[in-house]
Amino acid sequence: MSASASFTPPHRHLMGPGPSDVHPRVLSALARPTIGHLDPCFIELMESIKGLLQYAFQTRNALTFPVSGPGTVGMETCLANLLEPGDTIVICVNGAFGGRLVQMAERMGAQVIRVDDRWGEAVDPHKLEDALRAHPEASVVAFVHAETSTGVLSNAAVLADLAREYGCLSIVDTVTSLGGSELRVDDWGLDAVYSGTQKCLSAPPGLSPVTFSDRAMERIKARKTPVQSWFMDLSLVMSYWGTGEGAQSKRSYHHTAPINALYGLHEALLSLQEEGLENAWQRHSQNHRLLKHGLERLKIDFVVKPDDRLPQLNTVWIPAGADDQEVRDFLLTAYDLEIGAGLGELAGKVWRIGLMGYSSRKQNIELCLEALDDALNGE
C-alpha cells in the first residue's frame with residue numbers, strides 16, 4: 001500500500017477470540033463529531049455510560065466506568081489499586097490470562113500464591129480453599145471468569161464466596177464473559193471486576209469497563225503507599241468520572257478521554273440494553289449449540305467438557321492431518337473469515353472460534369462451517 005494512499009481495510013468476518021464484528025450502528029456512532037472531554041454534553045454521556053455499564057455488570061457500584069485502554073489495562077488497574085508491596089494474593093491459573101495476572105502482581109511486589117489447574121479445565125474451588133487455609137495472610141484472590149485462551153468458564157460465584165469467607169477481596173477477569181455469559185456482580189459479591197469492549201459488547205478495542213465494590217473502595221482509601229501507576233490511580237480517576245466526593249459538581253482534568261471510542265461504547269451498551277441482558281446470554285448459548293452440532297458433523301472435537309464450555313469462545317482440537325496455519329490462511333483468503341490460533345501450551349494444537357456479540361449470528365456460523373468443510377474436505 002502506498003504511504004500516501006488512504007487505508008481501506010478488507011471486510012472480515014471476525015470469529016476469533018477478539019475483536020468481534022462491530023455492529024454497523026456502533027461504527028456509525030464512532031464517526032460523530034468530536035467534542036471536548038469536559039464539555040457538559042460529554043459529561044452527560046459519561047453518566048449514561050456509567051448507568052449502562054451498571055446494567056451490563058448487574059451492579060449498583062458507584063465506581064463503575066470504562067478505563068481508557070484495553071482489557072489488560074483494566075486488569076492492571078484492579079491489581080495496582082488493591083495491592084501494596086508485600087501483600088499476599090492467591091491467583092488461580094488455568095490459562096494464559098491467569099498467568100498474566102501472576103506476572104503483573106509479581107511486578108507490583110506482591111507475594112503470589114498460585115493455584116494451578118490444567119489448561120482446558122475450570123478453576124477447582126477445593127484447590128483455592130486449600131490455598132486460603134494454608135495462607136491466612138492472603139488479602140486478595142484473583143481469577144479469570146472466562147479464560148479466553150482455553151474457552152473455559154469457571155464458577156465466579158463460588159470462588160468469590162470462598163474469597164470472602166477467608167477475608168479476601170476478589171479480582172475477577174470478565175473480559176470475555178461480559179454481555180455473553182451470566183454475570184451478576186452484586187449477587188455474587190465480586191469486588192473488583194474488569195472487562196473489555198471488543199468481545200461480547202462488539203465495540204472496538206481500546207476501553208476496559210471496570211467496577212469496584214464498597215469493600216474494594218475501603219481498601220483503596222486505606223492504602224499506606226501510593227498506587228504505583230499515576231494513570232491508573234483510582235483516587236485521581238474518580239474525580240474525572242464523577243465518582244469521588246464532590247465530583248458531581250466539579251470534575252477535574254485527569255486525561256483526555258477517547259471521546260469517539262466512548263461514543264461507540266455507549267451505542268454498544270444501548271444495543272445490549274435493548275436486546276435485554278438475559279436474551280443476549282441466551283443468544284450466545286443457542287448459537288454455541290448450532291456451532292457444536294455443525295462441528296460434530298465435521299468430526300471436530302471440543303477441548304473443554306460440556307459443563308465448563310464458554311459458549312462465546314469455542315476451543316477445538318485441530319483434526320489430525322490438518323495444518324493449523326494453512327487452514328487459517330485459507331479461511332482468511334477464500335472466505336474473509338478469521339478464527340483464532342492456540343496460545344501457550346495449546347499453540348498449534350487448537351483453534352479458537354469466537355461467537356461474541358455481533359459475531360454471534362446464524363449466518364456467521366453457517367459461513368464458518370462451510371469454510372472449515374471446504375478447507376478440510378474440499379478437493
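Buried here means under 20% relative accessible area, with exposed over 50% and partly exposed in between (1.4 Å probe, protein chains only). This is a predicted model, so local features need pLDDT of at least 70 and side-chain atom pairs count only at pLDDT 80 or more, while totals for chains, interfaces and linings use all residues. Residues are numbered from 1 along each chain as its sequence is written, and side-chain values use heavy atoms, leaving out hydrogens and water.

**View A. The buried face of helix α9.** Helix α9 covers residues 234-241 (helices are DSSP runs of H or I, at least four residues, and strands are runs of E, at least two, numbered from the N terminus), and its buried residues are L234, V237, M238, Y240 and W241. Seen down the axis, they fall within an arc of 165° (taken from the directions from the helix axis to the C-beta atoms), so they line one face of the helix. Their packing partners, in contact when heavy atoms lie within 4.5 Å, include α2 (40-57), β2 (63-68) and α10 (259-275).

**View B. Charges over rings.** The charged end of R309 sits over the F302 ring, 4.2 Å from its centre. R361 does likewise over Y358, at 3.9 Å. The rule asks for NZ of Lys or CZ of Arg within 6 Å of the ring centre and within 35 degrees of the ring normal.

**View C. A three-stranded open sheet.** The strand order is β11-β14-β13, paired antiparallel; pairing takes at least two DSSP bridges between two strands. Five bridges join β11 to β14 (residues 350-354), and W317 stands opposite V350 in β14.
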